[in-house]
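Me: Please take a close look at one part of this model for me. I would like the interface between the two chains, and then whatever backbone and packing details go with it.

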Amino acid sequence: MKRLLLIVLCSLLPLTGNAMTPEEQGLEIVREVDRRDTGFHDFKATMTMLLRNKHGEESLRHMRTNALEVENDGDKTLIIFDRPRDVKGTALLSYSHKTGSDDQWLYLPALKRVKRIASRNKSGPFMGSEFAYEDLSSQEVEKYTYKYIRDEQLNSKDVLVQERYPVDPNSGYTRQMVWVDKAEYIPLKIELYDRKKALLKTLEFKSYKQYLDRYWRASEMFMQNHQTGKSTLLTWEDYKFRTGLKSSNFGKNSLKRAR
Amino acid sequence: MKHWIKALCLIPSLACAGEWAGYIEGQGRYFTQEALDPAQTDSTLSLAFEPEYYHAWDDDRQSFIFRPFLRWDSQDNSRTHADIRELLWIHVGDEWEVQAGIGKVFWGVTEARHLVDVINQTDLVENPDGEQKLGQPMFKLSFEKTWGVLDLYALPGFRERTFPGEEGRLRSHPRVDNDLASYESGAGNKRVDLALRWSHSLGDWDIGLAHFYGTNRNPLLQPILNSANEIVLAPYYELIHQTSLDLQATKGDWLWKLEALYSTSDREDVFSYTGGFEYTFIGLGDSDMDLGVLTEYMYDERGDNAPIAFENDTFIGLRLTANDEQSSELLTGVIKDMDSSAWLYNLEASRRIGDAWKASAQIRLWIDVPEDDPLYTISQDDYIEFNLARYF
C-alpha cells in the first residue's frame, strides 16, 4: 500500500511541475522545441503561396529561400521572388536577431538598387498574403515570453498548449496560442490575436516531413484570416539541407546576383 | 520577335539552356501645355520591349546575362532607340566576384536625386527623372570580406547621354545635337575610366565611399552653330576626379540618408550633397497600408551658376504602400527651389493587374519656373503618362 502510494506520488510529480510555474513550463517546452531544431546548418527550399480572398479569387506567389543557421543569433535568410513576374528577381536579405530588430536589405532589379529597409515593419502583409514577415522569420526563443496552459488532444495527437507573448512592441500580435506536438515538439497550430486582443488569424501546420532523420518541416502552412475571410496556403517544396551554404552566400553581392 | 529569339538559340549550348523573362510596355504621354517650339509634339505613343536572357552553369559559379532594350516612339526619332542594358559574364568565387561585359551599377541611398550614382550614363530620352541608364562596358572585380565590400571598376568606352530630338518634348531650347559632342580627353569616347567603392554595414549604419576618375557623365552644354546653320547645344564632356560618400542610418521607423560628393576638374571644384529622412507610419489607421513621409534637401555650392536644376532645393514627398495583392504604390511630392518661385510636382503610381500585367501612371508639373532656371526650357512640358506592361 505504501509502495503504491509512492508510485502514485512519483507519477504525479511531473504534472504538479515540481513547483514550476506555468511560465517556467512554457519556457521549458519552447527550449525543447529549439533544442530539437538546432544544428541543421543550412537549407534551401521553394515556397508557393496561394492567396484567396473572400470571393474565392486566387493568385499565386513563387519564391525560393536560402537559410543559414547562425550560432548564438537568429538565422540569415535570402528570399528570391520568381512570381508574379513583375517582381521577378526582387530579393530580400534578412539577418534576424534574438533580441532587437532584424537587419533587412531589399534588392530592386530594375534599378539594380540595394535598399536597407526599416525592419520594424514586421506586422504588415508579406507579398500581399495573410502571412506577416514575423510569421515567417526565424523563431527564436527570446522573441516571446511563454506560459504553459494545458495538455490536450488535437486531431488525436497529444499536444501541449501554451501561450506566448511577443517581446517586440512592434509586433502585430498581443498573444499567440500554440499547440505543440508532445512527441516531436513541433507546432501544429497557432492562433494569433491582434493588438485589440481579438482573434485575427489561425495558422495550421500540415504534412510534416522529417529531414536528415531529425528536422521536421511542415510541407503546408495554412493561414486563415478570421476578420477578412482571406486565406493563404503556403506550400514548401524541394527542401535540401546542408547544401554547403556559407556566410558569404548571404552578403550584398549575393543579393545583387540573386536570380 | 520569335525569329530573333530562335536565331539566338542557334548559338549552341548558350541560348536555349537558360531562361527568358522580361516585359513589353505600351506608353501614352499627353502634354497639357502648348510647346515652346511648334515642331514639338503634344502627345506621343510608344512601345518598349526589354527581354532578359539568363543562364548559369558551373554550379551557379558562372552566369551570363543578356538584356537588350528597344523603344519605338511615334513622334520623337531620338526617343526611338535601342540599347544593350546588360551583356555580362559573371564568375563568383569564395568572397570574390568578377564581371565582364556591359553592365548596370547603382550607388546611393537618397530618393529625390541620385547624386553619387556615377557609373552608368543617363538614358534621358526615357524619362526626365534620369533614373533610366544606358549599359556601361565594364570590367569589375569585387571582394566581399568581413571589413566590407570592395569594388574595383575599369570602364572602357564612354556612353554619350541621350537627348530628345527636335520633335520631342522635355528638351532644351535650342536642342542638343549629339553629333557635335566633344571631349576633354584626347581618347574621346575610347578612354578607360576607373572607379573604386568600399561599402559596409555596421549595425544600423550602411556606408559607401567611392572615387571615380574619368569622363563626367554630365556634359556641359555649349551653344554652337551646326552645319545647317542652326543654333544647337553641343555636349562637352570634361575629365573629373570625384570622391563621394553615401550613408544611411536605419533607426526604427526612421531612415536617415546622406549623399555627398567633391569633384574636381580643370575648370572648377564642386561640393554637393543631398540629405534627409524617410519616416514610415506602419499600418495606417489600423489598415495594412504604410505611409512614408520623405524630406530631402539638395545643395550645390555653385548656386545659381550650377548647370543642374537642384542647387538649393527641398523635396517633400509621401509614399503610400497598400501592401495589397496588387502591390499598389503611390509616390507623390514637390521639389521647391529655395531661391526662386519654381516648383516641381511629381506623382508616380503603379498597380499589378492579374498575374502578368502592370499599370502605372506619372504626372510631372513644372510651376512658376523663372527664365534663368535650367528647368525653364521644359517648364511648358507638364505631362501625364500612362503605361501598361505585360510581363513574361
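Reply: What follows starts at the interface and then turns to the cores and a few local backbone features.

The model is predicted. Keep that in mind for every value below.

Begin with the extent of the interface. On the chain A side, 34 residues are in contact with chain B, where 48 residues take part. Together the two chains bury about 3500 Å². Carbon and sulfur atoms account for 42% of that area. Three arginines stand out on chain A: A:Arg113, A:Arg116 and A:Arg259. They supply 20% of the area that chain A buries against chain B, more than any other three residues.

Next, the polar side of the interface. The rule finds 13 salt bridges between chain A and chain B. One pair to inspect is B:Glu19 with A:Lys88. Their side chains form a salt bridge, with N to O at 2.9 Å. Polar contacts across the interface link 22 residue pairs, both partners being at pLDDT 80 or more. Which elements of chain A each supply at least two residues to the side that touches chain B? They are β2 (58–68), β6 (113–117) and α4 (252–257). By class, that side of chain A holds 16 charged residues, nine polar ones and nine nonpolar ones.

Now the packing. The largest nonpolar core has 46 residues. Within this core, A:Phe81, A:Phe126 and A:Met221 have the most contacts. Take A:Phe126 as a way in. Leaving aside neighbours within four places in sequence, A:Phe126 is in contact with nonpolar partners including A:Met49, A:Met63, A:Ile79 and A:Leu92. A:Phe81 is also in contact with A:Phe126. So are A:Phe131, A:Ala132, A:Tyr133 and A:Leu136. A second, separate core has 15 residues, among them B:Phe31, B:Leu170, B:Ala309 and B:Ile378.

B:Leu170 deserves a second look. It lies in the loop between β7 and β8 of chain B. Its phi is positive, about 60°, although B:Leu170 is not a glycine. Most residues other than glycine have a negative phi, and most peptide bonds are trans. Is B:Leu170 buried or exposed? B:Leu170 counts as buried because its relative accessible area is 11%, under the 20% limit.

Chain A has a counterpart to check. A:Arg242 also has a positive phi, near 50°, and is not a glycine. A:Arg242 sits in the loop between β13 (231–241) and α4 of chain A. With a relative accessibility of 46%, A:Arg242 counts as partly exposed.

Two cis peptide bonds come next. In chain A, the bond from A:Arg83 to A:Pro84 is cis, with omega near 5°. A:Pro84 is in the loop between β3 (76–83) and β4 (91–95). In chain B, a cis bond joins B:His173 and B:Pro174, with omega about 0°. B:Pro174 is in the loop between β7 (148–156) and β8 (182–183).

Finish with B:Gln33. This residue is in the loop between β1 (19–31) and β2 (43–57) of chain B. B:Gln33 counts as partly exposed, at 26% relative accessibility. Leaving aside neighbours within four places in sequence, B:Gln33 is in contact with B:Asp42, B:Arg169, B:Ser379, B:Gln380, B:Asp381 and B:Asp382. B:Pro164 is 131 residues from B:Gln33 along the chain, and their C-alpha atoms are separated by 18 Å.

Conventions. Residues are numbered from 1 along each chain as its sequence is written. Chains are lettered from A and ligands numbered from 1 in the order in which they are written. This is a predicted model: local features need pLDDT of at least 70, side-chain atom pairs count only at pLDDT 80 or more; totals for chains, interfaces and linings use all residues. Side-chain values use heavy atoms; hydrogens and water are left out. Contact means heavy atoms within 4.5 Å. Buried area is the accessible area (1.4 Å probe) that two parts lose on being put together, summed over both. A salt bridge is a side-chain nitrogen of Lys or Arg within 4 Å of a carboxyl oxygen of Asp or Glu. A polar contact is a pair of N or O atoms within 3.5 Å; within protein, one must be able to donate a hydrogen and the other to accept it, and residues adjacent in sequence count only if both atoms are side-chain atoms. Helices (H or I, at least four residues) and strands (E, at least two) are DSSP runs, numbered from the N terminus. A nonpolar core is a set of buried Ala, Val, Leu, Ile, Met, Phe, Trp, Tyr and Cys residues joined through side-chain atoms within 4.5 Å. Buried means under 20% relative accessible area, exposed over 50%, partly exposed in between (1.4 Å probe, protein chains only).
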